[in-house]
Each structure stands twice: as C-alpha cells, then as structure tokens.
Amino acid sequence: MRPITAVGTGTDTNSASQRYTVQQVYDLMDSGNTFHTYGAGQRANVHKWNCGCGAGTLRSSADSTTANNLDNLRICHWK
C-alpha cells in the first residue's frame, strides 16, 4: 500500500472539483477545517497520519465498513 499524496473533494462522484496535496490538507486542518469520506451510507473522519515509511499522509477513522476507507476509494479523477 502506498501513502496518499493528494485528495480530491467535491459532490460529483465522477470527478473532483478541488484537489489538495497532503500538506494543504494538513494546513487546512490546522486552521480548523475537517475532512471526511463517505461510503456505504457511512461517514468517516479523515486524520493526519505518519505511515511506516515516514511520510506524512492521511487516514480515515476505523468503523464498521471498509467502503469509506481512504485506501478503498476510487482513484481521484481530477479535471
């Protein structure tokens, strides 16, 4: 598994309207913004995380479904 390097946000399920690097997400989180994923009818919060490779990346909260895990979401189709 590779660390997440960027994320896309938006309401269109086929493409992102905004793309953020992990550092941009960290900065937005530091200023009070929150991020989440949504899948199988459940929302999961996104958190800062340092993976075993030493890279700062992102991780979603554990819950009862894997459908909303960042690692399981489709690859972002950036416009």
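Accessible areas here come from the Shrake-Rupley method with a 1.4 Å probe. On that basis the chain exposes about 5500 Å². Carbon and sulfur atoms supply 48% of that area. The model is a predicted one. Of the 79 residues in the chain, 25% are buried.

Start with the fold. The chain holds one helix and five strands. Along the sequence, they follow the pattern β-β-α-β-β-β. Among contacts with a separation of 6 or more, 39% link residues 24 or more positions apart.

Now turn to the sheet. Three strands form an open sheet, in the order E3-E4-E5, with antiparallel pairing. E3 and E5 are the edge strands, and each pairs on one side only. From one strand to the next, the twist averages 30 degrees. As a general point, strands of a sheet pair through backbone hydrogen bonds, either parallel or antiparallel.

Take the pairings one at a time. Strand E3 covers residues 36-39, and strand E4 covers residues 42-50. Four bridges hold this antiparallel pair. One partnership to locate is that of His 36, whose bridge partner in E4 is Asn 45. On the other side, E4 is joined to strand E5, residues 56-60, by five bridges. These two strands also run antiparallel. Here Val 46 stands opposite Ser 60 in E5.

Each pairing comes with a hairpin. Two residues lie between the strands in the hairpin of E3 and E4. The hairpin of E4 and E5 has five residues between the strands. In that second hairpin, Gly 54 takes a positive phi near 95 degrees.

Ala 40 deserves a separate look. This residue is found in the loop between E3 and E4. Its phi is positive, at about 55 degrees, although Ala 40 is not a glycine. Is Ala 40 buried or exposed? Its relative accessible area is 61%, and the cut-off for exposed is over 50%, so Ala 40 counts as exposed.

Next, the helix. H1 lies across E4 and E5. H1 runs at about 65 degrees to E5. Helix H1 spans residues 22-30.

The interior can be read from the nonpolar core. The largest one has 10 residues in all: Ile 4, Val 7, Val 22, Val 25, Tyr 26, Met 29, Phe 35, Val 46, Leu 58 and Leu 70. Which element gives the largest share of this core? Helix H1 does, with four residues. In soluble globular proteins, nonpolar side chains tend to be buried together.

Val 7 gives a closer view of that core. This residue is found in strand E1, residues 6-9. Why does Val 7 count as buried? Its relative accessibility is 14%, and buried means under 20%, so Val 7 falls within the cut-off. Leaving aside neighbours within four places in sequence, Val 7 is in contact with Gln 18, Arg 19, Tyr 20, Val 25 and Leu 58. Two of these partners, Val 25 and Leu 58, are listed in the largest nonpolar core along with Val 7. Arg 19 shows how sequence and space diverge. Val 7 and Arg 19 are 12 residues apart in sequence. In space they are 5.7 Å apart, C-alpha to C-alpha.

Definitions and conventions:
Residues are numbered from 1 along each chain as its sequence is written. This is a predicted model: local features need pLDDT of at least 70, side-chain atom pairs count only at pLDDT 80 or more; totals for chains, interfaces and linings use all residues. Side-chain values use heavy atoms; hydrogens and water are left out. A nonpolar core is a set of buried Ala, Val, Leu, Ile, Met, Phe, Trp, Tyr and Cys residues joined through side-chain atoms within 4.5 Å. Buried means under 20% relative accessible area, exposed over 50%, partly exposed in between (1.4 Å probe, protein chains only). Contact means heavy atoms within 4.5 Å. Two strands pair if DSSP finds at least two bridges between them. Axes are lines fitted to C-alpha atoms, for helices over the stretch in contact, and angles run from 0 to 180 degrees between N-to-C directions.
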